[in-house]
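Got the model open in your viewer? Let's take a short walk through it, one selection at a time.

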Amino acid sequence: MMNDEFYMRKALQLARRGLGKVSPNPMVGAVIVRDERIIGQGFHRRFGGPHAEVEAIGNAREDITGSTMYVTLEPCCHYKKKTPPCLDLLLQYDLKRVVIGTLDPNPQVNGKSVEVLKQRGIDVNYGVLAEECEKLNEAFFKWIRTGLPFVTLKLAQTLDGKIAAAGGDARWISSTSSLKLTHRLRSINDAVLIGIGTVVIDNPKLTVRNIRGRSPQRIVVDSTLKMPLTADILNEQNTAPTIIAATSAADADKITSLRAKDIEVLMIEKDDEGRAALNDLLKKLGQRNISSVLAEGGSAIATSLIKQNLIDKFIFIIAPKMMGTGVDSIGDLGIGRASEAIRLCIIKMYHSGDDLVIEAKRGK
């Protein structure tokens, strides 16, 4: 006899197919089972489209009366969104059980759907593979709970910790496979973040080109607006809008010139050192329904994010090369003793071509 975890894993597999397509909504998968047979399944395919429960019911091969629905996230019950609440649909059918991976952290839902289902006499079991279900939507959970996007810092560096040669050239440090990995990371995040120094030195596009997928919004931290008006990042605004984060120190004429090119200049606060306050920027991005940010900037952005403890996940792409003199991937963190070094907890390690990729979170 198959158990609840077996079918929940099936639902998780389906949910992952929505990666990079449904944000700021969560990825959700649903499976309908009767007599140990899967009779319907579905997942949330795109933002604004039918939710997983609707897809599963619509795809059912037979009447679902008396069946069990497995869903990775508590069915929604609120109306402030593009689609009607899934709970209303579920209540139209005589389901025997509903098994839920994790409760929805949204205060408008959080446990409310579970209670309604129970009141209707439906057997409800929640918390099945809860840790895996929450991890699947870690960006959504953080954004809902804090209003801030989930921040991933990606650093492509040599074995001796350099991201560029002394002259600033960073091309071809990592492998072709790692370049594709970078583009995949862009495609599954709502926005990609860099500093103006990266624009001036590398003139990147920051779009998704090496794989199939959407391009993220592009965010440039540029306190005083040094942005060249001919920069590539100012192009392709229809598919990858650019937002330039500036402060009150920005040149007014430059703001006018950029806005004339339909480039948004977002004014943010200054930090104690007179630079753009990254915490204020992240807060404002969260208010715009940006739930995940990939930081690809150089040493300055990386160092600031680390010092302010604003990073949720680190991805180090380490090429088996040595540069010697060059640009350090991370600058001064104000650490005076080895015992004060920031501890990281490794999540996983794998190869990308010749490179070693390490995913980690900040340790406690």
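The tour below goes through a predicted model, with two loop residues and a pocket as the stops.

**Stop one: Asn 137.** Select Asn 137, and you'll land in the loop between α5 (130-136) and α6 (138-146). Is it buried or exposed? Asn 137 has 6% relative accessibility, so it counts as buried, the cut-off being under 20%. Now show what surrounds it: apart from neighbours within four places in sequence, Asn 137 is in contact with Pro 26 and Met 27.

**Stop two: the second largest pocket.** Stay with α5 and α6 for a moment, since each supplies at least two residues of this pocket's lining. So do β6 (150-158), α7 (176-187), β12 (292-295), β13 (313-319) and β15 (344-352). The space inside comes to about 850 Å³. To find the middle, select Leu 19, Leu 136, Glu 138, Ile 188 and Lys 313, which are the closest to the centre among the 35 lining residues. Colour the lining by type and you should get 16 nonpolar, eight polar and eleven charged residues.

**Stop three: Asp 251.** Jump to the loop between β10 (242-246) and α9 (252-260), where Asp 251 sits. With 41% relative accessibility, Asp 251 counts as partly exposed. Which backbone nitrogens does its side chain reach? Draw one distance to the nitrogen of Asp 253, at 3.1 Å, and another to the nitrogen of Lys 254, at 2.8 Å. Then look further along the chain: Asp 251 is also in contact with Thr 224 and Leu 225. Thr 224 is 27 residues away in the chain, yet its C-alpha is 6.4 Å from that of Asp 251.

Key. Residues numbered from 1 in each chain as written. Predicted model: local features only at pLDDT ≥ 70, side-chain atom pairs only at ≥ 80, totals over all residues. Heavy atoms only, no water. Helix = DSSP H or I, 4+ residues; strand = E, 2+ residues; numbered from the N terminus. Buried < 20%, exposed > 50% of the residue type's maximum accessible area, 1.4 Å probe, protein only. Contact = heavy atoms within 4.5 Å. Polar contact = N/O pair within 3.5 Å; in protein donor to acceptor, adjacent residues only side chain to side chain. 1 Å grid on protein atoms, 1.4 Å probe; cavity = no way out; pocket = protein on both sides within 12 Å on 5 of 7 lines; lining within 4 Å. Points joined across faces, edges and corners; volume = space filled by probe spheres on them. Nonpolar A, V, L, I, M, F, W, Y, C, P; charged D, E, K, R; others polar.
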